[in-house]
Each structure stands twice: as structure tokens, then as C-alpha cells.
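Trainee: Please take me through one part of this model slowly, and explain each term as we meet it.

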Amino acid sequence: RLLRNSSIFLVFRSDRRLACKYAKYERAFVSYFQTCTSHCEQVSSHSQQPRKKRLKVVPNSAPDKKKKSFLLRFYLICRIFVNRMEMRKAINDISKITLSLCLGGAILYWMYRNFDFNRVSHVLTHEMNWWWMLLSFPFGILAQAFRGWRWRQTLQPLGEQPRGVVLVSSIFISYAVSLIVPRIGEFARCGTLRRWDKVSFPKALGTVVTERAIDSLLLLVIIALTLLSQFAVFDKFFQKTGTRFDEMLAGFTSTGWMVTVACALAVLALLYMLARKLSIYKKVVEMLKGLMQGVMSVREVRNVPLFVFFTLAIWASYFLHYYLTFFCFESTTSLGLDCAIVTFVVGSLAVVVPTPNGAGPWHFAVKTMLILYGVTANDALFFVLIVHSVQTLLVVILGLCGWLTLSFTPKRL
């Protein structure tokens with residue numbers, strides 16, 4: 001029967017909107033099928049009774065066989081289509097994860113293809129000052145704890161009262177989970193709150209968007225200030241990576257500038273006209289509106305100064321967690337605060353690339369900036385490899401501690 005209706009299935013495959021439109025009738029069909037089943041059971045039960053007490057069944061009350069057959073075929077077609085869509089979504093998710101792992105692995109392989117890994121153990125045991133590394137650990141822990149405490153400030157105006165230990169533990173788990181699947185930690189911590197403290201998942205996810213908006217704006221301010229104060233260093237960075245703005249700009253004449261500007265305006269106008277006709281335009285507009293609403297929702301926080309303090313404390317802890325590692329190596333001890341700020345900003349931009357904990361892009365960006373400040377390439381490779389590995393290990397340990405803490409924390413009923 002299903003093969004005879006293959007043409008209908010091809011229509012569903014070619015037009016997703018048509019399939020989604022008719023897939024909503026699935027629940028109605030299930031209800032109708034249950035009604036038919038109960039009716040058949042009722043008729044069967046009546047047939048087992050004695051002839052004198054048997055109820056009279058109306059012939060027209062039973063569903064029509066053709067209608068039932070059509071609904072059954074339609075239901076099977078919808079189920080097959082939904083399963084195929086779910087499988088396609090799963091394949092897309094797996095491909096994204098695989099692509100991020102391959103990207104990070106390819107960058108690391110390209111950087112360390114001629115690296116002497118036999119010297120790593122010697123550097124760890126004889127050339128590295130572990131006291132400064134241990135001193136940086138509390139700031140890495142505080143950065144995540146401050147994030148959990150700040151999260152409570154955004155949840156309280158929504159009528160939610162999560163416990164502090166659950167908040168901090170969920171943050172620990174979210175960072176550890178993101179090492180496996182990038183960006184999945186945001187959903188993991190919202191799900192943790194939902195399971196232990198019965199916090200609404202949509203509300204928790206909305207506050208996460210608010211936090212990300214605040215952090216993005218603060219990071220943009222830090223980047224702008226760093227660019228203005230260290231413009232010469234960034235110019236060297238672009239030259240090192242093969243981008244020479246002075247040579248590109250010198251090749252333009254006055255006529256070339258006019259033509260370039262006119263073409264750019266025409267392209268922007270064309271893109272704007274095309275975007276208005278596409279659904280992605282509305283999605284981007286809605287995303288920007290949601291971002292602004294998230295930023296403006298900070299006004300609803302009961303204690304705004306405390307929220308601002310937590311926000312600044314998060315980024316200060318992140319910076320100190322990174323800056324103190326400079327004193328672990330002789331090659332980076334004398335670089336100073338300016339180098340630490342520049343490399344911290346560049347590293348923060350590099351982790352935007354969806355790889356596990358920024359592995360690969362972070363190594364390349366920080367290593368390149370350290371070379372511009374006079375560090376040898378080999379020493380820079382040792383620095384980024386050891387610092388990133390140790391800090392990633394700390395994230396894993398904190399994730400395990402958060403999981404163990406929640407295991408002994410009772411759930412709210």
C-alpha cells in the first residue's frame with residue numbers, strides 16, 4: 001500500500017512546507033485511531049455477552065474502511081518523513097562536530113608538525129615554575145563561580161529561586177561538556193537547573209542570551225580600547241599573517257576609490273533587497289531584537305551594582321587566570337602587562353571559532369602575538385601548548401566536581 005502511494009511521498013519530500021502542514025494531523029489521527037480501537041473493543045466485549053444482554057450496534061457507527069485505510073497510509077507517510085528529517089538533522093549535527101574537531105586538529109598538526117614533543121616533559125619538570133600556575137587556578141575557579149552567582153541575578157526577576165550550589169555546579173558542567181561538543185554547554189546548564197531546581201528551561205535559556213549579550217558588549221569595548229592603545233602591535237600582526245593594509249590602500253587612485261565605493265553601495269543595496277525577500281532576514285532581525293531586549297532586561301535586575309561587579313569580576317578573573325601563567329616561563333616573564341592584554345584579547349577572539357575550548361585557533365593567535373613581542377617560535381609553542389592543556393585539565397576537573405556535587409544534592413520536588 002505504501003509503494004502504491006510513493007508519488008504522494010515524493011511530493012512530501014520535494015515540499016517541506018506541505019509536509020509540515022499535514023504532519024500536524026498526526027496527533028488527530030492517533031486520537032481517531034484510539035477511538036476506533038476502543039470502539040472495536042467495545043463491540044468485541046458485547047459479542048462475548050449472552051445473546052439476551054448483547055447491545056445493539058449501529059451499523060454506521062463503525063469508521064469507513066476506505067477512510068481508515070487512507071488515514072493509516074497518510075500516518076505512515078508522515079512518520080517516515082519525520083524520521084527522515086530527524087535523521088538529516090542528526091547527520092548535520094554530527095557533521096558540525098566532526099568539522100570542528102577536524103579544523104582544530106588540522107591547525108594543531110600544522111603548528112606542531114616539526115615540534116619536539118620529547119622536550120615537553122623536561123620543560124614541565126625543570127624549566128617551569130609551577131607555583132605561578134597553581135596560583136592562577138583560584139582565578140579560573142572564581143571566573144566560573146562568579147558566572148553562576150551572576151546568573152542568579154538574572155533569574156530572580158523572573159520568579160525563579162535556584163540554589164547557589166546548583167548554579168555553580170551547572171556552570172562547571174557546562175564548560176566541561178563544551179569540550180566535547182562546542183556551544184552545547186549553554187543548553188546543558190539550563191537543563192541542569194530544570195532537573196534539580198525545577199527552573200523553567202525557556203526562562204533560563206533567555207537569561208543565558210542576556211548574559212552573552214552583556215559579555216559580548218564588554219568584550220567589544222575591551223577590544224576597541226586594546227586596538228587603540230596597541231595599534232602598532234596589531235599592524236605587525238597583520239603583516240606577519242600576510243595582510244598589509246598600507247600596500248592595499250596605496251594601490252587605489254581617486255577614480256578607483258570612487259568606483260569601489262559605488263560598487264560597494266550597489267552590492268549592499270542588492271543584498272538588502274534580496275535579504276528582505278528571504279526568511280533569514282527576519283531571523284536576523286528577530287535575533288538582533290532579542291539581543292537588545294536581553295541587554296535592556298538588565299534594568300529588571302534587583303541589584304544592578306552587584307550584577308556589574310560580577311560581570312567585571314568574571315573578566316578580571318579570566319585575565320588573571322591567564323596573565324599569571326606568564327611568570328611560569330622564563331621567556332614570557334618580562335613581557336609585561338601590555339603583551340598580556342593583547343594576547344588575551346586575541347585569544348578571546350580566537351575561541352569564537354567553534355573548536356573544543358578554542359584548540360587550534362587559540363594556539364595560533366597567541367603564538368603569533370608572542371612572536372611579535374620577541375618570544376622565539378619554539379618557546380611560544382611550548383607556552384601555548386602547556387598553558388592551554390593545563391587550563392583545559394582544570395575545566396575537566398571542575399566539571400567532575402560539579403557532577404559529584406549534584407549527585408549528593410537533593411532535587412526539589
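Mentor: Gladly! Helices here are DSSP runs of H or I with at least four residues, numbered from the N terminus. The model is predicted, so to speak of local features we need pLDDT of at least 70, and of side-chain atom pairs 80 or more, while totals for chains, interfaces and linings use all residues. Residues are numbered from 1 along each chain as its sequence is written, and side-chain values use heavy atoms, leaving out hydrogens and water.

Let's look at the largest pocket and the helices around it. About 1,400 Å³ of space lies inside this pocket, counted as the space filled by probe spheres set on grid points joined across faces, edges and corners. A pocket is an open set of points on a 1 Å grid over the protein atoms alone, where a 1.4 Å probe fits, with protein on both sides within 12 Å along at least five of seven lines; lining residues have an atom within 4 Å of a point. Here 41 residues form the lining, and Tyr175, Arg212, Tyr318, Val351 and Asn357 are the closest to the centre.

Several helices supply at least two lining residues each, among them helix 6, helix 7 (164-178), helix 14 and helix 15 (337-350). Helix 9 gives the most, 8 residues. By class, the lining has 21 nonpolar, 14 polar and 6 charged residues (Ala, Val, Leu, Ile, Met, Phe, Trp, Tyr, Cys and Pro count as nonpolar, Asp, Glu, Lys and Arg as charged, the others, Gly among them, as polar).

Now see how helix 14 packs. The axes of helix 6 (residues 130-155) and helix 14 (residues 304-323) come within 8 Å and cross at roughly 160° (axes are lines fitted to C-alpha atoms over the stretch in contact, and angles run from 0 to 180 degrees between N-to-C directions). That makes helix 6 roughly antiparallel to helix 14 (over 145 degrees; under 35 is roughly parallel, 65 to 115 roughly perpendicular, the rest oblique). Phe146 and Arg147 are among the helix 6 residues in this contact, and Tyr318 and His321 among those of helix 14 (contact means heavy atoms within 4.5 Å). Their contact has 14 nonpolar, 7 polar and 2 charged residues.

On to helix 15: its axis and that of helix 14 come within 10 Å and cross at roughly 115°, and the two helices are therefore roughly perpendicular. Tyr318 takes part here too, with Trp315 and Phe319 also among the helix 14 residues that meet helix 15, where Phe344 is one of the partners. This contact has 9 nonpolar, 2 polar and no charged residues.
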